[in-house]
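Please walk through the fold shown here with attention to its charged pairs, its sheet, its nonpolar packing and a few residues with unusual settings.

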Amino acid sequence: MGRHVPSWDEIPDSRGALPGGNYLLEVESIDEKRTAEKHKVAFQATYRVVEGPFAGAMLYEWHNIGSDSDPEADDPRTMKEAIGTKTLKQLFKAANVPLSTTDITVMAANTRGTRFVQALGVKIEPAKKPNGEANPFAGREQNTFMRKYRVGEAATEVPAAGVESTRLSDRLSR
């Protein structure tokens, strides 16, 4: 027959977005990928929450590098202007990885297993995408990656499990 789980009681419920706060994360991997819609070069980082009530939870952050006019990011100007390149640099610095090479793949490998503090916010997906199309994820809470800190540079501040998520707009207005 089909595949069986040992027991549904052993399978965790889907957690959705984590509450806003500062989390101690460990870098599991950073892999080169392509974006779904336009197949632009991007790097997907996978992080694991290290401590607190959400220890073990996984987070995924996309660092988009390619552009509409240069999806492969072959032009050095594309690399310089890409938000994804800037957020990767912020990650490398927060993880105390020396900027010793311009090869992102080598830098990604050097970052595996390192730790940093990530400020997370929560946003509600809008009804429409920026291009005006209906958003199939409308109303869903999603984590927003804000500032990254070196360990010891910012305290981890994580709400207890079950506490209402702090929305990004609420955190920014404080």
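Glu 37 is exposed in this predicted model, and its relative accessible area is 63%. Its salt-bridge partner is Lys 129, with the closest N and O atoms 3.4 Å apart. Lys 129, for its part, is partly exposed, at a relative accessible area of 25%. The two residues belong to distant parts of the chain, since Glu 37 sits in the loop between β1 and β2 while Lys 129 sits in the loop between β4 and β5, 92 residues apart.

The loop between β1 and β2 also holds Lys 38, whose side chain meets that of Asp 68 in a salt bridge of 3.4 Å, N to O. Because Asp 68 is placed in the loop between β3 and α1 (76–81), this pair ties together parts of the chain that are 30 residues apart in sequence. Lys 38 counts as partly exposed, at 47% relative accessibility, whereas Asp 68 is exposed, with a relative accessible area of 56%.

A further salt bridge joins Arg 77 and Asp 75, where the closest N and O atoms are 2.8 Å apart. Arg 77 is exposed at a relative accessible area of 54%, and Asp 75 counts as partly exposed at 26%. Elsewhere, Glu 26, Glu 28, Arg 48 and Arg 115 are joined into one network by salt bridges that share partners. In total, the structure holds eleven salt bridges.

The strands named so far belong to a sheet, and in what order do its five strands lie? They form an open sheet with the order β3-β2-β1-β4-β5, and the pairing is antiparallel. β3 (58–64) and β5 (141–149) stand at the edges with a single partner strand each, so that one side of each has no neighbour in the sheet. On average, neighbouring strands of this sheet are turned by 45° against each other when direction is ignored. In general, strands of a sheet pair through backbone hydrogen bonds, and they may do so in a parallel or an antiparallel way. For the antiparallel pair β2 and β3, seven bridges make the connection, and Tyr 47 has Leu 59 in β3 as its bridge partner. A helix is set against this part of the sheet: α3 lies across β1 and β2, and runs at about 140° to β1.

Tyr 47 leads on to the nonpolar packing, being one of the four residues, together with Leu 18, Ile 30 and Val 49, that touch the most other members of the largest nonpolar core, which has 27 residues. The elements that contribute two or more residues to this core are β1 (21–34), β2 (41–49), α2 (83–94), α3 (104–111) and β4 (115–124). Among these contributors, β2 gives the most, with five residues. The surroundings of Val 49 illustrate the packing: leaving aside its neighbours within four places in sequence, Val 49 is in contact with Leu 18, Tyr 23, Leu 24, Leu 25, Phe 54, Ala 55, Gly 56, Ala 57 and Leu 59. Apart from the largest core lies another core, of five residues, including Val 117, Ala 119, Tyr 149 and Ala 154.

Is the charged residue Lys 148 buried or exposed? Lys 148, which is found in the edge strand β5, counts as buried, because its relative accessibility is 4% and the cut-off for that class is under 20%. Its side chain makes polar contacts with two other side chains, that of Glu 61 at 3.0 Å and that of Gln 118 at 2.8 Å. When neighbours within four places in sequence are left aside, the residues in contact with Lys 148 are Tyr 47, Glu 61, Thr 87, Gln 90, Leu 91, Ala 94, Phe 116, Val 117 and Gln 118. Of these, Tyr 47 has already appeared as a member of the largest nonpolar core, and Val 117 as a member of the other core.

Two residues deserve a look for their backbone angles. Most residues other than glycine have a negative phi. Ala 73, however, has a positive phi of about 55° although it is not a glycine. Ala 73 lies in the loop between β3 and α1, and at 7% relative accessibility it counts as buried. Asn 96, likewise not a glycine, has a positive phi of about 60°, and its place is in the loop between α2 and α3.

How values were computed:
Residues numbered from 1 in each chain as written. Predicted model: local features only at pLDDT ≥ 70, side-chain atom pairs only at ≥ 80, totals over all residues. Heavy atoms only, no water. Core = buried A, V, L, I, M, F, W, Y, C linked by side-chain atoms within 4.5 Å. Buried < 20%, exposed > 50% of the residue type's maximum accessible area, 1.4 Å probe, protein only. Helix = DSSP H or I, 4+ residues; strand = E, 2+ residues; numbered from the N terminus. Contact = heavy atoms within 4.5 Å. Pairing = 2+ DSSP bridges. Axes fitted to C-alpha atoms, helices over the stretch in contact; angles between N-to-C directions. Salt bridge = Lys/Arg side-chain N within 4 Å of Asp/Glu carboxyl O. Polar contact = N/O pair within 3.5 Å; in protein donor to acceptor, adjacent residues only side chain to side chain.
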